[in-house]
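Thanks for coming, everyone. I'll put the structure up and walk you through it, strand by strand and then out to the loops.

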Amino acid sequence: MTDNWTVVVGIKQVPDEDDVTIDPDTGTLNRAEAAAILNPPDRNALEAALQLKDEVGAEVIAFTMGPPTATPVLELAVALGCDDAALISDMAFAGSDTWPTSLTLAYAAEYFDADVGIFGEETTDSSTGQVPPGIAAHLDWAQLTYVADLDPRPEDNQLLATRDVEGGHEVVAADLPVIVAVGYGDNDPRPAGLHRKLYAETEFEPMELDAEALGIDPDEVGLDASPTQVGGMDTADPVEREQEVVDSVEDLAAAMAEEGAV
Ligand SMILES: Cc1cc2nc3c(=O)[nH]c(=O)nc-3n(C[C@H](O)[C@H](O)[C@H](O)COP(=O)(O)OP(=O)(O)OC[C@H]3O[C@@H](n4cnc5c(N)ncnc54)[C@H](O)[C@@H]3O)c2cc1C
């Protein structure tokens with residue numbers, strides 16, 4: 001056993017999808033009007049990191065690249081048990097697509113001298129799933145994706161992962177340092193303890209890191225460094241669905257048979 005693994009966890013604040021609307025004129029999300037929450041899959045990433053803390057005594061640091069209004073997700077991470085949390089924020093990052101976002105988070109993983117970087121499978125607002133593999137590519141680290149469970153082997157400097165694959169699971173080992181993307185819903189996130197919650201909300205202040213602190217050249221990030229071109233946005237009209245109320249399972253089966261559904 002070792003007690004010196006450093007685990008970083010990437011978390012993102014997203015608009016609550018139950019609350020978000022689309023501007024009919026521009027076709028873009030009305031982000032500012034929706035409540036902001038922790039990206040739900042990132043609860044699973046935090047849980048996987050905290051399990052490593054429980055198992056090998058790892059130090060766990062959560063970070064988010066976003067505006068200062070993202071601080072509540074960092075407080076939540078600390079309330080759940082993370083040792084520290086950092087806000088990665090700079091006007092130079094504005095307009096970044098997944099490429100410079102991954103690059104910035106790669107610099108942050110190096111800044112913390114991380115052995116393991118844990119991330120969610122995808123976000124609920126952009127949902128590309130590109131960021132964790134992008135970080136691994138920028139750093140030239142091993143990557144473990146669709147991870148359901150982690151088994152730390154500090155004596156071998158390795159992390160074993162049970163991965164969701166079509167039709168089952170596979171177990172693979174990666175040498176550290178490694179980037180992990182945890183499958184959404186693949187563990188049961190713990191609740192925050194009361195004392196930790198009070199600490200997070202009343203005393204804790206996140207570290208603040210800008211481009212200069214991370215050693216990032218502003219020309220490497222932001223809109224101009226983003227290869228994605230958004231051609232346009234459109235909304236689809238809701239599909240009109242026919243409905244029919246049936247009184248029994250037998251009537252339902254008969255109606256489905258009539259439609260050729262069974
Ligand atoms: C041209 C363009 C301009 C954009 N401009 C902006 C902008 O100005 N402001 C803006 O907020 N977004 C902007 N975006 C969206 C932004 O690029 C994505 O939100 C970001 O790259 C993350 O991608 P994703 O949400 O698909 O993450 P995914 O790859 O789906 O996320 C997987 C996991 O990576 C981690 N992760 C993702 N994002 C972060 C983060 N920021 N911090 C820490 N961990 C993270 C989380 O663990 C998450 O579960 C822009 C996108 C494009 C294409």
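Start with β1 and β6: 3 bridges join them, and the two strands run parallel. To find the spot, look for Val-7, which stands opposite Val-116 in β6. Before I go on, please keep in mind that this is a predicted model.

Now the other side of the story for β1. It is joined to β4 by 5 bridges, and that pair runs parallel too. Here the residue to find is Val-8, standing opposite Ile-61 in β4. Is β1 covered or not? Mostly covered: 4 of its 5 residues are buried.

Let's zoom out to the whole sheet. It is open and holds 9 strands. Reading across, the order is β9-β8-β7-β10-β6-β1-β4-β5-β11, with mixed pairing. Which strands are at the edges? They are β9, residues 168-175, and β11, residues 207-209, and each pairs on one side only. On average, neighbouring strands are turned by 35° against each other, ignoring direction.

Go to the β11 edge. β5, residues 84-88, is joined to β11 by 3 bridges, and they run parallel. Ala-86 stands opposite Met-207 in β11.

Next, the helices. Helix α2, residues 71-80, packs on the sheet. α2 touches β1, β4 and β5, and its direction makes about 165° with that of β5. Helix α3 covers residues 98-111. α3 lies across β1, β4, β5, β6 and β11, and runs at about 150° to β4.

What about the core? The largest nonpolar core has 64 residues. Among those with the most contacts inside it are Val-7, Val-9, Ala-62, Ala-77 and Ile-118. Which element gives the largest share? That is α2, with 7 residues.

Take Ile-118 as a close-up. Leaving out residues up to four places away in sequence, Ile-118 touches Val-7, Val-9, Ala-45, Ala-48, Ala-49, Val-180 and Val-182. Val-7 you have met already, opposite Val-116.

On to the ligand. How many residues surround it? The count is 32. The closest are Gly-10, Gly-120, Ser-126, Thr-128 and Val-131. Several elements feed this shell: α1 (40-56), β4, α3, β6 and α4 (131-139) each supply at least two residues. By class, the shell has 17 polar, 10 nonpolar and 5 charged residues.

Last stop, the loops. Three backbone details are worth a look.

One is a cis peptide bond, from Leu-176 to Pro-177, with omega near 0°. Pro-177 is in the loop between β9 and β10.

Then Ser-127. Its phi is near 50°, a positive value in a residue other than glycine. You will find Ser-127 in the loop between β6 and α4. Is Ser-127 buried or exposed? Ser-127 counts as exposed, because it has 12 C-beta neighbours inside 10 Å, and the cut-off for exposed is 12 or fewer.

And Asn-157. Phi of Asn-157 is near 55°, again positive in a residue other than glycine. Asn-157 is in the loop between β7, residues 142-153, and β8, residues 158-165. With 13 other C-beta atoms within 10 Å, Asn-157 is partly exposed.

To recap: an open sheet of 9 strands, α2 packed on it, and a ligand with 32 residues around it. That's my tour. Over to you.

Conventions:
Residues are numbered from 1 along each chain as its sequence is written. This is a predicted model: local features need pLDDT of at least 70, side-chain atom pairs count only at pLDDT 80 or more; totals for chains, interfaces and linings use all residues. Two strands pair if DSSP finds at least two bridges between them. Axes are lines fitted to C-alpha atoms, for helices over the stretch in contact, and angles run from 0 to 180 degrees between N-to-C directions. Two residues are in contact if their C-beta atoms, placed from the backbone, lie within 7 Å. A nonpolar core is a set of buried Ala, Val, Leu, Ile, Met, Phe, Trp, Tyr and Cys residues joined through C-beta atoms within 7 Å. A residue is buried if 20 or more other C-beta atoms lie within 10 Å of its own, exposed if 12 or fewer, and partly exposed in between; C-beta atoms are placed from the backbone. A residue is near a molecule or strand if its C-beta atom, placed from the backbone, lies within 6 Å of it. Ala, Val, Leu, Ile, Met, Phe, Trp, Tyr, Cys and Pro count as nonpolar, Asp, Glu, Lys and Arg as charged, and the others, Gly among them, as polar.
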